[in-house]
Amino acid sequence: MDYSRQELVSGIGRDGQKSISSKKVVLVGVGGIGCVSAQLIARAGIRELVVIDRDVVEVSNLQRQLMFCEADIGRPKAEVAAAFLRKSNPDVCISYFSEDLDLDNVHLLNGDLVLDCTDNMEVRYLINDYCMKKSIPWVYSAAAGNSVSVFSIRPGGPCFRCVFPDSRSGGTCEVVGITAHAVTVAASLQVCEAFKLMLKSPTVGMIRFDLSGYVFSMIQVSKRGDCRTCDGKLDYLEGRTGSTAIKLCGRGMYQLKGLKVDIDDFRNRVIRGGCVSIDDVIVFPDGRALVRAASEAEARSKCARIFG
Ligand SMILES: [Zn+2]
């Protein structure tokens, strides 16, 4: 691969490219954003890229997940992505894990930089805890509807939980929709931040972009005095929090507890008893959900798709 055009860019140069070429990047989630971020970072010429994703390709993904095509439906996303990326840049060492990132495999995040492309708050808190413990910088990304957010978390700076102190989340793309052009903007901003982190240039805090009115804002963030993670309490890494699943016998139903969902955000989906019903998922106001699914993993996946 030839990086001469990239080296010409102010702030990169030969030395910058050398630095980029020494980096191991771990990317979690090859959905809409992840498909583009993975290609951009691989083509940038890093040393090694690790791709982690728990899902298989579905027909509803193809409109915005730019590494997949119809022939890939039903195949693990991580595997398909790795094959695509190896062709995009054979110089980069690509490995993949078709796994749900959790306490058992969180060590897979070990590298120079982590890119969060997950659309899942619990996984982000786990990434935040692990990266805090290991002093690894990481970049959060999110896109839903016309709104895009990107935020770099550096060791010693404000962490993810300083900005999002609890996992209460609004609608994901399953509820508010998502376009390919929105995820592409998010991925470009995320990889721009990744370059800044790899080249030790300053990053700016939380970037927000609204595609409907082209409103670009940079929100200053600072450490919260009461942030549990910055205080060394790594609740997610130490298994003190997170949802738990129980199978309800014989009905193909799973019960998940401990979800933090703001029912008000789903007002138009509320059914009797103040519950929210979306597809195969019913969420109760106490944070309990009943999910119709064939396995615990599928139940978690269905829930995560709706509530993040
Ligand atoms: Zn913090």
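The protein here splits into two parts: domain 1 covers residues 4–219 and domain 2 covers 244–307. Keep in mind that this is a predicted model. Here's a quick tour, going from the whole chain down to a single residue.

**The two domains**
- Measure from centre to centre, using C-alpha positions, and domain 1 and domain 2 come out 27 Å apart.

**Overall build**
- Nine helices and 13 strands make up the secondary structure of the protein.
- The C-alpha trace stretches over about 60 × 50 × 40 Å along the principal axes.
- For 308 residues, a compact globule would be expected to have a radius of gyration near 19 Å, and the protein's own value of 19 Å agrees with that.

**Inside and contacts**
- Buried residues make up 42% of the 308 in the protein.
- Take the contacts with a separation of 6 or more: 65% of them join residues that sit 24 or more positions apart.

**A look at Asp166**
- You'll find Asp166 in the loop that runs between helix H6 (160–163) and helix H7 (173–176).
- Asp166 has 10 C-beta neighbours inside 10 Å, so it counts as exposed, given that the cut-off for exposed is 12 or fewer.
- Lys260 is 94 residues away from Asp166 along the chain, yet the C-alpha atoms of these two are separated by 8.1 Å.
- By residue number, Asp166 falls within domain 1 (4–219) and Lys260 within domain 2 (244–307).

Methods. Residues numbered from 1 in each chain as written. Predicted model: local features only at pLDDT ≥ 70, side-chain atom pairs only at ≥ 80, totals over all residues. Helix = DSSP H or I, 4+ residues; strand = E, 2+ residues; numbered from the N terminus. Rg over C-alpha atoms; globule rule 2.2 N^0.38 Å. Buried ≥ 20, exposed ≤ 12 C-beta atoms within 10 Å, placed from the backbone. Contact = placed C-beta atoms within 7 Å. Domains from an automatic or database assignment.
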